[in-house]
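Work through the exercises below with the sequence and the structure side by side. Try each task on your own before you read its solution.

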Amino acid sequence: MIEAKDHGAAGHGEDALKRLTALVAEDLAQCNRLIIERMHSPVALIPQLAAHLVGSGGKRLRPVLTLAASRMCGYEGPRHVALAACVEFIHTATLLHDDVVDESALRRGQASANALFGNKPSVLVGDFLFARAFRLMVEDGNLEVMRILSSAAATLAEGEVLQLLIQNDLGTTEAQYLEVIEGKTASLFAAATRLGAVVADRSEAEAEALDAYGRNLGIAFQLVDDALDYAAEQEKLGKTVGDDFREGKITLPVLAAFHAGDAAEQQFWRRTIEERQQDDSDFAEAQRLMTRHGAVAKTIARAEAYGEAALQSLAGFPDNPFRHALAEVVRFCIARAR
């Protein structure tokens, strides 16, 4: 077990992420400068649209994880900065594409890029950012780095396609749902943290441990996100509350409420999720059923279990401030639901 000081009361909420970010502040500043530099294009709409999303208040969690994991492993060179930028470009590109697919109006509490600029520019600028990410990989020149990040990019796309295939299908199993979130969210978390061991030339066992940390953290993060869609205030969530419900997305809270419900309740879910026949009062009813069956609480409990698994993956690493901060940030991800 990781000692209590790694994940005790000190690591709550936003403070945990602020502490982690502060530890890599100089590296992150360099990463941000590189991101701005590489967003440049003579086609004016490209940096304008990209800057809207990149500068819209995101926490840079994934690149921060790359920077912190590298430092925890004792790396002192410059490569991790460009790789953190690469991770952020991949993440930002997927956000642009996802908001088009999901027809989302908000991103991080602001109008989404597709709402402001349209779907076609959002998709194309997402492609541009993917290209920038792969250019950074090539410049790094390490085949293992290319393998990790290219595999993560492909897995992200597979996760999104799988989500489309199971959308509106209440016959989806929990295993299928977890496969979706492992693909569309956890795979990039795992890549981001695994890079830390690679650039520091650490053992394969340590690379696997950091992969497990990121993967379990990513699953916990997405579970909380899915719970918040039924439990949070819109301002807290940073996107339109109830989007998942209105889009008929199959998430763990929906599956939990559906399987716990009686015949009438299950018919409600079939009408609203599978048949997409919804009226203005249905989301409130969905929230009521979630509360009745503890579906949100069950989802958060699952997130906490994955968070504990993430913490255990750090046990073999040096006892330094970076490890403690990486442990605390697990609590930040869970604390978003509190």
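The exercises that follow concern a predicted model, and each task is followed by a solution in steps.

**Exercise 1. Confidence and overall make-up**

Task: Find where in the chain confidence is lowest and where it is highest, and state how many helices and strands the secondary structure comes to.

Solution. Begin with the average, since the chain has a mean pLDDT of 89, and 90% of the residues score at least 70. Next, look at the extremes: confidence is lowest in helix 1 (residues 4-7), with a mean of 38, and highest in helix 15, with a mean of 98. Over residues 1-12 the pLDDT is below 50, although this stretch has 30 contacts in the model beyond near neighbours in sequence. Where pLDDT is low, the predicted coordinates should not be read in detail.

Then turn to the chain as a whole, whose secondary structure comes to 18 helices and 2 strands. Of its 338 residues, 57% count as buried, and its accessible surface comes to about 13,800 Å², with 54% belonging to carbon and sulfur atoms. Finally, consider the contacts between residues at least 6 apart in sequence, of which 76% join residues at least 24 apart.

**Exercise 2. The faces of helix 16**

Task: Work out whether the length of helix 16 agrees with the span expected at 1.5 Å a residue, and decide which of its residues are buried.

Solution. First, compare the two lengths: helix 16 (residues 282-293) has 12 residues, which should span 16 Å at 1.5 Å a residue, and its end C-alpha atoms are 17 Å apart, so the values agree. Second, list the buried residues of helix 16, which are Asp282, Phe283, Ala286, Leu289, Met290 and His293. Seen down the helix axis, these buried residues fall within an arc of 120°, and therefore they line one face of helix 16. On the other side of the helix, Thr291 and Arg292 are exposed.

Third, ask what the buried residues of helix 16 pack against; the partners are helix 11, helix 13 (243-246), helix 14 (252-260), helix 15 (263-274) and helix 17 (295-312). Last, look just past the end of helix 16, where Gly294 takes a positive phi of about 65°.

**Exercise 3. Three salt bridges**

Task: For the salt bridges Glu174 with Arg302, Glu247 with Lys249 and Asp282 with Arg271, decide whether each partner is buried or partly exposed, using the cut-off that buried means under 20% relative accessible area.

Solution. By the rule used here, the count comes to 22 salt bridges. Take first Glu174 and Arg302, whose side chains meet at 2.2 Å, N to O. Glu174 lies in helix 10 (residues 174-199) and Arg302 in helix 17, so this pair ties together parts that are 128 residues apart in sequence. Glu174 has a relative accessibility of 35% and therefore counts as partly exposed, and Arg302, with a relative accessible area of 27%, is partly exposed.

Move next to Glu247 and Lys249, whose closest N and O atoms are 3.5 Å apart. Glu247 has a relative accessible area of 12%, so Glu247 is buried, and Lys249 is buried with 7%.

Then take Asp282 and Arg271, with their closest N and O atoms 2.9 Å apart. This pair links Asp282 in helix 16 with Arg271 in helix 15, 11 residues apart. Asp282, at 4% relative accessibility, counts as buried, whereas Arg271, at 24%, counts as partly exposed.

**Exercise 4. A network around Asp211**

Task: Identify the residues that are linked with Asp211 in a network of salt bridges, and decide whether Asp211 is buried or exposed.

Solution. Start by placing Asp211, which is found in helix 11 (residues 204-231). At 13% relative accessibility, Asp211 counts as buried. Leaving aside neighbours within four places in sequence, Asp211 is in contact with Ala190, Thr193 and Arg194. The network of salt bridges then links Asp211 with Glu182, Arg194, Glu204, Glu208 and Arg215.

**Exercise 5. The surroundings of Phe134**

Task: Locate Phe134 and say which residues it touches, not counting those up to four places away in sequence.

Solution. Phe134 is found in helix 8 (residues 119-140) and is partly exposed, with a relative accessible area of 33%. Phe134 touches Ser150 and Ala153 when residues up to four places away are not counted. The C-alpha atoms of Phe134 and Leu149, which are 15 residues apart along the chain, are separated by 8.6 Å.

How values were computed
Residues numbered from 1 in each chain as written. Predicted model: local features only at pLDDT ≥ 70, side-chain atom pairs only at ≥ 80, totals over all residues. Heavy atoms only, no water. Helix = DSSP H or I, 4+ residues; strand = E, 2+ residues; numbered from the N terminus. Buried < 20%, exposed > 50% of the residue type's maximum accessible area, 1.4 Å probe, protein only. Contact = heavy atoms within 4.5 Å. Areas by Shrake-Rupley, 256 points an atom, 1.4 Å probe, with all protein chains shown as cover. Expected span 1.5 Å × (residues − 1). Arc of directions from axis to C-beta. pLDDT = per-residue confidence, 0-100. Salt bridge = Lys/Arg side-chain N within 4 Å of Asp/Glu carboxyl O.
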